[in-house]
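Hello,

Here is the model I promised to pass on to you. Please open it alongside this message, and have a look around before reading my notes.

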Amino acid sequence: MRIWNLHKLKDELRQGPLAPKDAFLYLLIYNGLFALAAIPFFESNKFDVIIGVISALFIVVGTVYIYHANGGRNGVHLLDRYLSLGFVLTIRLVVCVLIPTYLLYLIVLSAVSELAEETIAIDVAIFAAFEAVFYLLLGKHISDLRRLPAHQQSPADEEFQIFEL
């Protein structure tokens, strides 16, 4: 099971499907993290409802996008790829993007005004941007599996690889 390294995970997925135990662990942890994210830690307002609607739309549209990125009818191992790459990508995006974005947001907001105790419009924008980036990157990584193995790609394909999520 991979927690951070997308390149090794993609190489493994090119070789074939996940072992049932690994697929189960990805599914269990992935759904557990989403379940934790859905727990309301405060009273909800209209922006919380908007986030819920946006999330539902992204899940539907994003899953269709992922299906096509995987090759549509000709795609293979969709669930293995979606769950494992989605899990690793979520961990990386939370650590590298979401946490720093919210910390910066809190610092700037606290410097210019009082922090809101409930969800506000900027929270919705950050959440929607995070989901859009997630599905776009997940589609890119899944479509990468339809291409040549990493060791057969040209050096130009590895440009800025250090910064790639």
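Below is what I found, going from the overall fold to single residues.

First, a word of caution: this is a predicted model.

**The chain as a whole**

The chain contains 5 helices and 0 strands, so if you read its elements from the N terminus on, you get α-α-α-α-α. Of its 165 residues, 31% count as buried. The surface that the chain exposes comes to about 10,500 Å², and 69% of that is supplied by carbon and sulfur atoms. Contacts over long stretches of sequence are well represented: take the contacts between residues at least 6 apart in sequence, and 85% of them join residues at least 24 apart.

**The core**

The largest nonpolar core has 21 residues, and the members that touch the most others are Leu85, Phe134 and Leu138. Helices H1 (6-15), H2 (20-38), H4 (78-112) and H5 (121-144) each give at least two residues to this core. H4 supplies the largest share, with 7 residues. As a general background, nonpolar side chains in soluble globular proteins tend to be buried together.

Leu85 is a good place to start if you want to walk through the core yourself. Leaving out residues up to four places away in sequence, Leu85 touches Leu6, Leu9, Lys10 and Leu13, along with Asp80, and also Leu138, His141, Ile142 and Leu145. Keep Lys10 in mind, as it returns in the next part.

**Salt bridges**

I count 4 salt bridges. The one I would show you first pairs Lys10 with Asp144, whose closest N and O atoms are 2.8 Å apart. Lys10 belongs to helix H1 and Asp144 to helix H5, so this pair ties together parts that lie 134 residues apart in sequence. Are the two partners buried or exposed? Both Lys10 and Asp144 are buried. For Asp144 the relative accessibility is 7%, and it counts as buried because the cut-off is under 20%.

Asp144 has a second partner, Lys140, with the closest N and O atoms 2.7 Å apart. These two residues are 4 apart in helix H5, so about one helical turn separates them. Lys140 is partly exposed, with a relative accessible area of 28%. Through shared partners, the salt bridges join Lys10, Lys140 and Asp144 into one network.

Another salt bridge links Asp11 and Arg14, where the closest N and O atoms are 3.1 Å apart. Here the partners are 3 residues apart in helix H1, which again means a separation of about one helical turn. Asp11 is partly exposed, at 31% relative accessible area.

**Two polar residues in H5**

Ser143 sits in helix H5 and is buried, with a relative accessible area of 14%. What does its side chain reach? The side chain of Ser143 reaches the backbone oxygen of Lys140 at 2.9 Å. Lys140 therefore turns up twice in these notes, here through its backbone and above through its salt bridge with Asp144.

Asp123 is also in helix H5, and it is buried too, with a relative accessible area of 11%. Not counting residues up to four places away in sequence, Asp123 touches Ile51, Tyr102, Tyr105 and Glu118. Asp123 and Asp48 are 75 residues apart in sequence, yet their C-alpha atoms are 9.2 Å apart in space.

**A loop residue and a surface patch**

In the loop between helix H3 (46-69) and H4 you will find His77. His77 has a positive phi of about 55°, although it is not a glycine. This residue is partly exposed, with a relative accessible area of 32%.

Finally, please look at the outside of the model. Met1, Phe24, Leu28, Ile29 and Leu33 make a nonpolar surface patch of about 440 Å². One of these residues, Leu28, has its place in helix H2, and H2 is also among the helices that each supply at least two residues of the core.

Happy browsing, and do write back with your thoughts.

Best wishes

Notes: Residues numbered from 1 in each chain as written. Predicted model: local features only at pLDDT ≥ 70, side-chain atom pairs only at ≥ 80, totals over all residues. Heavy atoms only, no water. Core = buried A, V, L, I, M, F, W, Y, C linked by side-chain atoms within 4.5 Å. Buried < 20%, exposed > 50% of the residue type's maximum accessible area, 1.4 Å probe, protein only. Contact = heavy atoms within 4.5 Å. Patch = residues over 30% accessible without salt bridge, like charges linked within 9 Å, V, L, I, M, F, W, Y side chains within 5 Å. Areas by Shrake-Rupley, 256 points an atom, 1.4 Å probe, with all protein chains shown as cover. Salt bridge = Lys/Arg side-chain N within 4 Å of Asp/Glu carboxyl O. Polar contact = N/O pair within 3.5 Å; in protein donor to acceptor, adjacent residues only side chain to side chain.
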